[in-house]
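Me: I am new to this structure and should like to understand the terms applied to it. Please show it to me before we begin.

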Amino acid sequence: MIASPAPTTPLSGGSPILAMARRAAELRAAGRDIVDLTLGEPDFAPPIHASEAAVEAARRPLGYTPANGIPALRAAARASIRRDRGLDYADDEIAVGCGAKQVIFNTFLATLKAGDEVVIPAPYWASYPDMVRLCGAVPVITPCAMEDGFRLGPAALDAAITERTRWIVLNAPGNPSGAVYDQARLRALADVLRRHPDCLIMSDEIYAYIRYTDEPYTSLAAIAPDLRHRILLVDGVSKAYAMTGWRVGWGFGSAPLITRITAIQTQNCTQTAALSQIAAVAALNGPQDVLAERNAIYRARRDAGLEILRRSDRLAVLVPDGAFYFLPRSLSDVDDATAADALLDAGVATVPGSAFGSPGHLRLSFATDLPTLEEGCRRLIAALEGRA
Ligand SMILES: Cc1ncc(COP(=O)(O)O)c(C=O)c1O
């Protein structure tokens with residue numbers, strides 16, 4: 001008998017977000033009335049020109065594509081980052097994968113070895129620490145205060161970096177914090193990063209188009225061009241174009257890093273689906289009005305949700321500047337997992353903040369229609385106030 005290897009990497013036990021969504025779905029299937037505010041998934045259809053391009057392409061023979069995507073996709077992604085973030089990347093400076101998630105994971109696989117450290121500001125997207133652990137490396141969780149808008153500060157960044165630090169993860173707008181970094185803060189972080197030339201920087205900009213501030217989005221790579229060769233800028237169609245299920249994401253970085261990421265891609269799923277790539281090209285090259293239209297809808301939901309959440313003094317809630325989540329601090333004396341369980345009993349599904357390195361908080365997604373969101377927020381308030 002061949003012994004199976006013992007698991008060596010302690011994981012968090014799979015996505016806690018999906019676990020909560022599953023519990024909500026099970027209760028619904030059993031006939032309970034549950035408002036589900038767990039998933040961070042746009043509730044819109046893809047732009048119509050993207051769907052039509054895919055339908056048309058599905059009638060033709062479709063074979064494998066290059067692992068780093070069809071040339072038209074690389075060209076469209078490069079044009080969009082040039083247009084919207086003022087950054088020029090060459091064709092050998094982009095890697096494509098099955099969603100931003102796979103690009104991030106491929107990148108860690110390509111660059112991390114056992115014992116390396118990755119600085120992850122909290123609150124964080126729940127996948128980063130597990131991906132780092134799967135590579136045998138160590139997530140170094142760096143808390144960011146709610147009082148500072150959940151943003152990483154230069155002193156905290158400096159203190160978190162050691163001689164083992166390989167990557168620093170920056171995610172703005174942040175999931176689940178909604179934090180956006182202004183230019184002054186980015187400059188201050190860049191100053192620290194210059195003092196640590198061996199650290200790479202993952203700038204996860206997947207929510208760049210979902211923002212509620214008037215300033216244009218600023219990428220770290222644009223404000224600190226001297227750091228550009230150390231940055232992997234991650235983006236994709238999932239959030240901006242409501243195409244989560246199509247699984248198309250990419251990363252821009254130095255050519256040597258991109259070559260290593262793409263080598264990993266060739267040995268797992270080869271490439272993301274050809275049909276999805278064709279749809280993504282149409283989304284990127286087609287009319288962009290959909291971005292502003294949907295932003296306005298998200299903003300209206302954010303404002304309506306905030307108005308309800310602020311009625312309770314059992315919650316402290318920050319105005320998210322981007323993405324589509326509230327991350328209120330629960331001021332009751334139970335922990336966040338217990339609070340989320342009680343809320344589920346009261347008919348509203350949320351995710352405990354500890355899933356994002358933010359114990360004491362709850363995450364509510366407002367990527368859902370307005371009546372559902374308002375009902376969910378009302379139930380939450382009623383339950384916290386003991387009126388449920
Ligand atoms: C911060 C962040 N990065 C990356 C991703 C992954 O995006 P994709 O669906 O393109 O894999 C998500 C998805 O929830 C996210 O929230």
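Reply: The turns below take up cysteines, peptide bonds, backbone angles, strands and one helix. This is a predicted model, in which local features need pLDDT of at least 70 and side-chain atom pairs count only at pLDDT 80 or more, while totals for chains, interfaces and linings use all residues. Residues are numbered from 1 along each chain as its sequence is written, and side-chain values use heavy atoms, with hydrogens and water left out.

Me: Why is the pair Cys-269 and Cys-98 not called a disulfide?

Reply: A disulfide is a pair of cysteine sulfur atoms within 2.5 Å. The closest cysteine sulfur to that of Cys-269 belongs to Cys-98 and is 3.3 Å away, so the pair is too far apart for a bond. The structure holds zero disulfides.

Me: What makes Cys-377 buried or exposed, and which term applies to Cys-269?

Reply: Buried means under 20% relative accessible area, exposed means over 50%, and partly exposed lies in between (1.4 Å probe, protein chains only). Cys-377 has 0% relative accessibility and therefore counts as buried. Cys-269, at 33%, counts as partly exposed.

Me: Which peptide bonds at Pro-123 and Pro-173 are called cis, and where do these prolines lie?

Reply: The bond joining Ala-122 and Pro-123 is cis, with omega about 5 degrees. Pro-123 is in the loop between β3 (117-122) and α5 (127-134). The bond from Ala-172 to Pro-173 is also cis, with omega near -15 degrees, and Pro-173 is in the loop between β5 (165-171) and α7 (183-194). Helices (H or I, at least four residues) and strands (E, at least two) are DSSP runs, numbered from the N terminus. Most peptide bonds are trans.

Me: What is notable about phi in Ala-242 and Thr-270?

Reply: Most residues other than glycine have a negative phi. Ala-242 has a positive phi near 55 degrees, and Thr-270 has a positive phi near 70 degrees. Ala-242 lies in the loop between β7 (231-236) and β8 (249-252) and, at 9% relative accessibility, counts as buried. Thr-270 is in the loop between α9 (255-266) and α10 (274-285); its relative accessible area of 28% makes it partly exposed.

Me: How do you know which strands pair with β8?

Reply: Two strands pair if DSSP finds at least two bridges between them. Strand β2 (residues 94-97) pairs with β8 in the antiparallel sense over four bridges, and four bridges also join β7 to β8, again antiparallel. Gly-249 in β8 stands opposite Gly-97 and opposite Gly-236.

Me: What makes both faces of β8 covered?

Reply: Gly-249 and Gly-251 on one side, and Trp-250 and Phe-252 on the other, are all buried.

Me: Why are the buried residues of α12 said to be on the same side?

Reply: In α12 (residues 336-345), the buried residues are Asp-336, Ala-339, Ala-340, Leu-343 and Leu-344. They cover an arc of only 140 degrees around the axis, which puts them on the same side of α12. The arc is that of the directions from the helix axis to the C-beta atoms. Among the elements covering these residues are α1 (16-29) and α13 (370-384).

Me: What is found at the N-terminal end of α12, and what just after the helix?

Reply: Asp-335 caps the N-terminal end, with a side-chain oxygen 3.0 Å from the backbone nitrogen of Ala-337. Just after α12, Gly-347 takes a positive phi of about 95 degrees.

Definitions and conventions. Contact means heavy atoms within 4.5 Å. A polar contact is a pair of N or O atoms within 3.5 Å; within protein, one must be able to donate a hydrogen and the other to accept it, and residues adjacent in sequence count only if both atoms are side-chain atoms.
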